[in-house]
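Colleague: I should like to work through this structure with you by question and answer. Please explain each term as it arises.

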Amino acid sequence: MQLHENLWERSDAEFPSGGTLEEQLRFLIGYATLAPSGHNTQPWLFGTGPDWVDVIADRTRALPIVDPHDRELTISCGAAIGLFEIAARRFSLQTDVALSPDGAFHDHLAQITVSEGQPPSDAEIALFEAILTRRTDRSAYYMEALPDDLDPACRDISEVDGINVRFVESGPIMEAIADLVSKGDQIQFDDPSFRRELAAWVHSFRLGSRDGMSGAGFGVPDILAPAARFVIRTFDLGNNVAAVDKNKILAGSPALVLLTSTADHVDDWLNSGRALARLLLLLTSRGYTASFLNQPIEVDELRPALQDAARATGLPQILLRVGRSERSPAPSARRALSDVIATD
Ligand SMILES: Cc1cc2nc3c(=O)[nH]c(=O)nc-3n(C[C@H](O)[C@H](O)[C@H](O)COP(=O)(O)O)c2cc1C
């Protein structure tokens, strides 16, 4: 069967059920690459064997200013692992994930061994189907109460070793967190290196780029993406960006969700990413969307303040705003599979 080159348009009917397990694993990697990643850098590479997939960090795609320790890079790879696990279940495959399997080679983040398993449950199929419709949606959301069962469902689904999820809806805790996001935004945009790094990853899809963010992600028509980059590079947006963001948080976000871990090592970051993938897919399957407010986690001195403000026991890894929006944004670009899967 002819495979869709645009991975967002793949149908499960294209799964090579008559092929070898390794061919099937290569197909499933297509779903893994639909994971969210910082600035859409897609910092991952994959290798395959007869019954396993290796996940390797591609540190040439690191963001040394906003993410100097590759923490978010590793979370992004964890999200790709999470999507792979969910996609494998759709096709009745069982996964066994070994994190940091090779002490001498730190870029080798995980080895996923795959075997025959039980048919998927309805809940597993719903998560899988959400892979193709999940988007990072930076628009204002409807201000409405979230259903009571959403918070416990998100906590259940995100249960991965040591990861905790905390919902915050309105009130002084939300305001304190919004303040920290605003402060973080200001500190980051005051830094010319931060602006330069961000600008380098904002480009137009019309230029054929298969990574980075289109201007549309910032509310700029895609054709004007180079202008968005110019503005980011040329003007000090510090106060403006902070003001816009704070306003958006309080006026366009019915809930914030903080994901924390018990420790702050590579495996905790990978598990944060796996939990993030599950959480985002559950939200999508329930008609909700999310975007990221990681500024107070990325700015070192604000991270303990965020932990305090959210009354969280664990270490903050990801901060999201969650709600329903009017319409879903266009899918973001992805690199070709041939660029991310190693061949012998
Ligand atoms: C670890 C991580 C950090 C991110 N940080 C931000 C952020 O600070 N601001 C933002 O707008 N998006 C952030 N994103 C979202 C990415 O920009 C987004 O995933 C990427 O552009 C691809 O788009 P998609 O999620 O719609 O597929 C982050 C994503 C990940 C996984």
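Colleague: By class, how many nonpolar, polar and charged residues does the shell around the ligand have?

Modeller: This is a predicted model, in which local features need pLDDT of at least 70 and side-chain atom pairs count only at pLDDT 80 or more, while totals for chains, interfaces and linings use all residues. Residues are numbered from 1 along each chain as its sequence is written. Ala, Val, Leu, Ile, Met, Phe, Trp, Tyr, Cys and Pro count as nonpolar, Asp, Glu, Lys and Arg as charged, and the others, Gly among them, as polar. By these classes the shell has five nonpolar, nine polar and three charged residues.

Colleague: Which helix gives the most to the shell around the ligand?

Modeller: A residue is near the ligand if its C-beta atom, placed from the backbone, lies within 6 Å of it, and 17 residues surround the ligand. Helix H2 (71-90) and strand E7 (289-292) each supply at least two of the shell residues; helices (H or I, at least four residues) and strands (E, at least two) are DSSP runs, numbered from the N terminus. With four residues, the element that gives the most is H2.

Colleague: Why does the ligand lie between two domains, and which are they?

Modeller: The domain bounds come from an automatic or database domain assignment. The ligand lies between the two because both give residues to its shell: domain 1 (7-135 + 331-340) and domain 2 (150-190 + 236-323).

Colleague: Is Asn40 buried or exposed?

Modeller: Asn40 is among the closest residues to the ligand and is found in the loop between helix H1 (21-32) and E1. A residue is buried if 20 or more other C-beta atoms, placed from the backbone, lie within 10 Å of its own, exposed if 12 or fewer, and partly exposed in between. Asn40 has 23 C-beta neighbours inside 10 Å and therefore counts as buried.

Colleague: Which residue of E4 stands opposite Asp54?

Modeller: Two strands pair if DSSP finds at least two bridges between them. E1 (residues 44-49) and E2 (residues 52-57) pair in the antiparallel sense over six bridges, and Asp54 is the bridge partner of Gly47. Five bridges join E2 to the antiparallel strand E4 (residues 108-116). There, the residue opposite Asp54 is Gln111.

Colleague: How far apart are the end C-alpha atoms of helix H5?

Modeller: The expected span of a helix is 1.5 Å times one less than its number of residues. Helix H5 (residues 171-189) has 19 residues and so should span 27 Å; in agreement, its end C-alpha atoms are apart by 27 Å.
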